[in-house]
Each structure stands twice: as structure tokens, then as C-alpha cells.
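Open the structure in your viewer and keep the selection panel at hand. The stops below say what to select and what is there.

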Amino acid sequence: MKMRKIEMGAMEPDMTPMIDIVFQLLTFFMIAISFESTKADERVKLPVDTLAKPPVVKPEHELVLNFGYQRHPSGERRKSRPEVFYNERYVDVYDIAPELEQEKRVMERVHGQNIIKDVTVLIRADSEIPMGLVQELIRKCQDAGFSKFSLRATSEEA
Amino acid sequence: MKLQNRLSGPTKVQIPMVPMIDIVFLLLIFFMLNLKIVSPEGNFNINLPISAPTAAAAELTPPEIKVSMVSDRQGNLIQLTLGSKNLGNDEMAFEQLNKEILKIIGRPGNPLAKDIEVEIDADYETQYKYVVKAISKCTGRLDPGSKQVARYVEKIKFAPPHKPKA
């Protein structure tokens with residue numbers, strides 16, 4: 001008699017373990033996700049190095065310059081010269097001065113006149129770019145007034 | 001009478017779980033789709049006193065260590081030199097560079113070596129990855145056991161750029 005009574009009632013599966021697991025997964029993904037790398041351009045194949053460590057203190061003001069090759073999906077280069085990926089456009093290093101001036105003006109308007117000294121330029125250059133062009137990019141930034149530079153590389157687990 | 005009965009009796013309150021589970025699943029899917037697995041990026045924690053273009057200033061303070069890199073037109077490294085010592089162009093050359101730098105500074109984190117500056121003089125064509133490697137070998141070494149970085153030189157500067165090979 002007792003048995004029959006239980007069978008008649010609506011079956012309620014125990015949800016608690018599943019909810020526990022789902023919450024754990026949710027927490028994992030929330031922690032693992034990083035919205036910060038939005039400025040990092042995947043088209044740039046950074047050099048890899050074991051010593052490249054994520055900075056402990058993030059610079060307060062930064063300007064990210066992605067410098068790489070336009071590539072076909074297969075990986076071949078579309079153009080022989082590397083270009084700066086600037087706001088969905090491709091700009092040659094030698095023509096970057098107006099864009100840098102514009103960045104500088106915007107920063108000065110938002111943060112004040114002397115901000116330019118505190119801006120760190122993060123250079124994300126492709127591993128195959130000739131050094132001369134990277135130096136040219138640095139020089140253009142210096143001409144625009146930027147003085148702090150940081151070279152980015154992908155950190156490799158040793 | 002009926003009402004009183006309902007209120008006084010010890011009833012089990014059923015929290016509706018279904019809407020919550022719906023939302024939690026939605027959030028889960030959102031975070032799963034947004035997750036991008038990228039290896040972390042970093043820099044080298046170095047000062048880059050990029051040499052001023054004035055030649056006079058460069059002559060006043062000659063850099064103590066000079067690393068030169070010669071490359072072919074495709075940017076492949078042909079020769080890595082430290083001062084006047086030729087180190088070769090393969091993986092061993094960079095290891096050798098690392099050892100030589102350690103010899104110069106004495107021991108990692110030596111306070112006397114704080115002002116030592118390495119000047120990197122690379123050909124125009126030299127691929128950026130070789131330069132980054134040289135910078136890495138000058139700035140320190142990763143201890144394989146403790147995974148700690150032993151810091152060597154903190155100041156790196158670049159020589160004025162060369163002209164491209166015609």
C-alpha cells in the first residue's frame with residue numbers, strides 16, 4: 001500500500017546536485033573570462049618568450065599599437081610590408097604621424113595637458129617584422145611626444 | 001475556519017526553481033561562449049631609454065655592453081655579437097649571450113650592476129623575434145626549478161636604426 005502511494009505522486013527529481021555543478025561551472029567561467037584583451041589583435045603573431053611576464057602594475061594610461069602583416073587565412077602575407085592596424089584601417093608606419101597626433105589630442109582633452117608623459121605605448125609587433133620598421137614606429141611615437149614604451153610578447157610556459 | 005487552518009498548519013514552502021535555473025543556464029552559456037583561451041601576454045619589465053637622436057649625448061655615455069645582430073635580407077639572423085665576441089647565430093648563441101651577461105653583472109640582482117645598460121644594435125632587416133629574444137636573454141633567466149626570474153640587466157636601449165640593405 002505504501003509503495004503505491006509514492007508511485008502515484010508527481011516525480012520530483014532532486015535538482016540540488018545539478019544546480020551545485022552549474023553554479024560551479026558558472027563561477028569558473030566568470031573567473032576565467034577576461035574582457036581586457038579586447039585591444040589585443042589576433043592578427044598579430046607576437047614573438048614568444050619565457051620571460052615575458054604580465055605586468056604587476058598595469059599602466060594607468062596606455063596606447064596599444066598593433067603592428068603586423070595582413071595575412072591570408074592560410075597564413076601567407078597579403079602584402080610584403082607590415083602595417084599598423086589602427087581602428088579597422090591599415091596604416092603604413094611612415095604615414096602614422098596624423099593618427100598619433102589625433103590620439104595625443106584626444107588624451108590631452110580627456111586627461112589634461114601633460115598626460116602625454118605618462119602614457120605607455122604598448123607595441124604589439126609581429127615576430128617577423130624587420131627591426132628597422134619597429135624602430136621607425138617608436139621614432140614616430142617619440143616625435144608625437146610619447147616617451148614610455150613597452151614591447152609585448154606572448155609568455156610561454158617553460 | 002478553512003483559512004485559519006491553512007495558515008496555522010506547518011506547510012512546506014516551494015520556491016520556484018525553474019526560472020532561476022533558466023537564468024543560470026543562460027549566464028553559463030554566455031560566459032562559455034565569451035571565453036577566449038589566449039595565452040597571457042607580457043612585457044619585459046625593462047627601462048627603454050630609447051637613445052635620443054643627438055649623437056653628442058650618445059658619445060658622452062658610451063654603453064658598456066653592446067649586442068649587435070647582423071642579418072640577411074630576409075631578416076634571418078647571421079651573427080650575434082657581444083662587444084667584439086662572435087657568438088654565432090643559433091639557439092646556443094643566445095644561451096651564450098645569457099651566460100656572458102651574467103659574467104658581466106656578477107650575480108643576478110647585483111646592486112652595482114643596476115646602471116649597466118645594454119645597447120642593442122640590430123640590422124634594419126633583423127626579424128623582431130630575434131631582437132625580443134636578445135632582450136629576453138639580457139634581462140634575465142628563468143630558473144627552471146623555482147620558475148622565478150633572475151633579473152640581470154634592466155636597462156636596454158636601441159642603437160639608432162640602420163639603413164635598409166639596398
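The tour goes from a chain to a contact, then to a sheet and a helix. Keep in mind throughout that this is a predicted model.

**Stop 1: the domains of chain A**

Select residues 2-32 of chain A, which the domain assignment gives as domain 1, and then 38-155, given as domain 2. Put a distance label between the C-alpha centres of domain 1 and domain 2 of chain A: they are 50 Å apart.

**Stop 2: where the chains touch**

Now show both chains and select the contact, to which chain A gives 42 residues and chain B gives 41. On the chain B side, colour α2 (18-34), β1 (41-42), α5 (128-139) and β6 (140-142), the elements that each supply two or more residues. Of these, α2(B) gives the most, with eight residues. If you colour this side of chain B by class, you get 25 nonpolar, twelve polar and four charged residues.

**Stop 3: a sheet across the two chains**

Select β1(A), β7(A) and β1(B): in this order they make an open sheet of three strands with mixed pairing. Which strands stand at the edges? They are β1 (48-49) of chain A and β1 of chain B; each has a single partner strand, so one side of each has no neighbour in the sheet.

Zoom in on β7 (residues 153-155) of chain A, which pairs with β1(B) in the antiparallel sense over two bridges. Here A:A153 stands opposite B:G42, and A:T154 stands opposite B:E41.

**Stop 4: helix α4 of chain B**

Select residues 91-105 of chain B, the 15 residues of α4. At 1.5 Å a residue the helix should span 21 Å, and its end C-alpha atoms are 22 Å apart, which agrees.

Next, show the side chains of B:A93, B:F94, B:L97 and B:I101, the buried residues of α4(B). Turn the view until you look down the axis of α4(B): the buried residues fall within an arc of 95°, so they line one face of the helix. An α-helix has 3.6 residues a turn, so residues three or four places apart point the same way.

What do the buried residues of α4(B) pack against? Add β2 (65-71), β3 (77-82), β4 (85-88) and α5 of chain B to the view to see their partners. On the face of α4(B) turned away from the buried side, find the exposed residues B:E91, B:M92 and B:K103.

End at B:G106, just after α4(B), where phi is positive at about 90°.

Conventions:
Residues are numbered from 1 along each chain as its sequence is written. Chains are lettered from A and ligands numbered from 1 in the order in which they are written. This is a predicted model: local features need pLDDT of at least 70, side-chain atom pairs count only at pLDDT 80 or more; totals for chains, interfaces and linings use all residues. Two residues are in contact if their C-beta atoms, placed from the backbone, lie within 7 Å. Helices (H or I, at least four residues) and strands (E, at least two) are DSSP runs, numbered from the N terminus. Ala, Val, Leu, Ile, Met, Phe, Trp, Tyr, Cys and Pro count as nonpolar, Asp, Glu, Lys and Arg as charged, and the others, Gly among them, as polar. Two strands pair if DSSP finds at least two bridges between them. Domain bounds come from an automatic or database domain assignment. The expected span of a helix is 1.5 Å times one less than its number of residues. A residue is buried if 20 or more other C-beta atoms lie within 10 Å of its own, exposed if 12 or fewer, and partly exposed in between; C-beta atoms are placed from the backbone. The arc is that of the directions from the helix axis to the C-beta atoms.
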